[in-house]
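Hi everyone, thanks for coming. I have one structure to walk through today, so let's put it on the screen.

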Amino acid sequence: MSTILISGGTVVTASGTLDADVLVAGEKIAAVLAREVTGAGGTGEAAGGVGDSAAAVAADRVIDATGKYVLPGGIDVHTHMEMPFGGTFSADTFETGTRAAAWGGTTTIVDFAVQAKGTSLLATLDKWHAKADGNCAIDYGFHMIVSDVNDTTLKEMDACIAAGVNSFKMFMAYPGVFYATDGEILLAMQQAARSGATVMMHAENGIAIDQLVAQAIAAGRTDPVNHGLTRPPELEGEATSRAIVLAQVADCPLYIVHLSARQALAAVAEARDNGQNVFAETCPQYLFLSLDDLARPDFEGAKFVASPPLRSQEHQDSLWRGLRSNDLSVVSTDHCPFCFKDQKELGRGDFSKIPNGMPGVEHRMDLLHAGVVAGQLTLPRWVEVASTTPARMFGLYPRKGVIAAGSDADIVIYDPQARQTLSAATHHMNVDYSAYEGMELTGKVVTTLSRGRPVIDEGTYAGSTGHGAFLARGLNQYLV
Ligand SMILES: [Zn+2]
């Protein structure tokens with residue numbers, strides 16, 4: 001079994017920072033060896049009882065992480081690789097998308113299998129396995145999108161859980177496509193609750209939104225900014241409140257995906273104060289971008305069309321606060337890239353035809369680190385929202401989400417001083433634009449290990465297609 005010693009770094013976990021060396025044996029972390037504080041005297045023996053020099057001699061490879069952070073690999077629980085949408089597919093395959101994720105320090109994704117109306121959940125799961133199996137550079141799991149609630153589908157939810165897929169996403173938006181009625185949502189929540197599974201909700205009032213969209217198009221307001229103006233934050237707040245009430249009645253754990261509006265956050269905070277099992281994630285685009293980007297001229301705003309839409313600036317402060325207070329527990333990306341050319345362009349002259357989604361899987365860890373640099377998050381909180389809580393929320397902990405003996409050696413060595421400029425010219429996602437073109441950041445991934453294997457090795461791609469394995473997940477470990 002090959003061994004790697006990561007020496008000299010600062011291990012950052014959700015519970016704090018520690019000057020420690022990390023010994024990897026095969027696919028697992030074998031030991032975390034605390035180093036003696038310089039100048040404190042003593043015997044030269046590390047706190048773990050094993051001298052680090054002894055470990056260094058024993059390891060096949062030593063990686064010098066002096067001045068670097070040693071993090072548990074990022075876990076992005078909201079991605080859409082090669083997802084069908086409006087007659088096209090999101091531009092990253094499982095191969096290109098997982099490679100880009102690794103470049104940015106993410107070692108696990110949880111993607112969405114999408115049930116088409118009239119098809120079964122298990123056939124859907126088979127289809128998504130066929131897309132991903134043998135193609136991923138990092139480990140992956142699936143959530144299931146339930147778009148056709150009927151007796152068969154409800155029964156199949158238990159079979160999905162047995163197959164390691166125990167989170168079911170539903171939509172209060174997109175009438176005629178993924179939209180579920182309140183009655184359908186209640187039925188699925190009751191079914192999920194019997195097994196302890198979590199229902200994930202896209203909470204926007206799609207029925208009302210469709211009326212606003214039709215009015216805008218009829219009035220000739222067709223530019224991309226109208227995508228945002230026809231999906232007001234109040235309609236996200238209303239849907240979030242309604243989802244919370246339905247989950248309360250069904251006694252079902254609820255996870256609000258891609259929360260973007262302070263009205264929705266207030267509803268989540270109230271439910272959490274009341275002790276309900278309600279959780280929420282936000283995404284970097286809602287923390288760093290705004291309605292102003294959606295209003296960029298010459299159709300450039302189309303690059304920023306996603307649902308819920310980017311909000312006005314004042315929502316960003318609320319979201320950062322929510323991340324600190326844990327009313328927002330997770331940051332995922334909702335990575336769903338469509339190229340500007342030929343894909344986003346489908347909506348020239350009609351914003352409602354612009355494919356919904358933005359690229360982001362590569363830059364989540366870096367953008368959140370920018371939040372650390374700006375004083376919005378502490379270092380441990382960065383790791384918590386990007387890795388540890390996602391692992392707990394979706395039944396992967398402590399295999400993933402922590403640097404500890406026995407856990408998978410999914411490890412990121414991160415240089416907090418390195419400078420980088422985000423650009424489509426240098427990113428690794430299979431998409432022709434960056435939503436953050438020209439943004440300068442401090443901090444960069446140096447090395448990413450997936451189960452002990454270098455995927456990014458000192459700034460060079462060293463991974464292999466098909467190394468990534470499917471993760472059968474357990475139930476939510478975060479319930480109150
Ligand atoms: Zn999504």
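Let me begin with the part I'd like you to find on your own screens: a run of buried residues in helix H13, made up of Arg364, Met365, Asp366, Leu367, Leu368, His369, Ala370, Gly371 and Val372. Keep in mind that this is a predicted model. H13 spans residues 364-373, and with nine of its 10 residues buried, the helix is mostly covered. Just after H13 comes Gly375, with a positive phi of about 85°.

Now to the metal. Which residues are the protein donors of the zinc ion? They are His78 and His80, each through NE2, and Asp334 through OD, at 2.0 to 2.2 Å from the zinc. Along the sequence, the spacing of these donors reads H-x1-H-x253-D. Are the two histidines buried or exposed? His78 counts as buried because its relative accessible area is 0%, and His80 is buried too, at 4%.

Next, the sheet. It is open, has eight strands with parallel pairing, and its order is E7-E10-E11-E12-E13-E14-E15-E16. At the edges sit E7 (74-79) and E16 (330-331), each pairing on one side only. Inside the sheet, E11 (residues 139-145) and E12 (residues 167-171) run parallel and are joined by two bridges. Ile145, for instance, has Lys169 in E12 as its bridge partner.

Helix H3 (residues 121-132) packs on this sheet, where H3 touches E10 (106-114) and E11, with its direction at about 150° to that of E11. Helix H5 (residues 182-195) lies across E12, E13 (198-202) and E14 (254-256), running at about 155° to E13.

That's my tour, and I'm happy to take questions!

Definitions and conventions:
Residues are numbered from 1 along each chain as its sequence is written. This is a predicted model: local features need pLDDT of at least 70, side-chain atom pairs count only at pLDDT 80 or more; totals for chains, interfaces and linings use all residues. Side-chain values use heavy atoms; hydrogens and water are left out. Donors are N, O and S atoms within 2.8 Å of the metal (3.2 Å for Na, K and Ca); water is not among the atoms, so sites may look incomplete. Buried means under 20% relative accessible area, exposed over 50%, partly exposed in between (1.4 Å probe, protein chains only). Helices (H or I, at least four residues) and strands (E, at least two) are DSSP runs, numbered from the N terminus. Two strands pair if DSSP finds at least two bridges between them. Contact means heavy atoms within 4.5 Å. Axes are lines fitted to C-alpha atoms, for helices over the stretch in contact, and angles run from 0 to 180 degrees between N-to-C directions.
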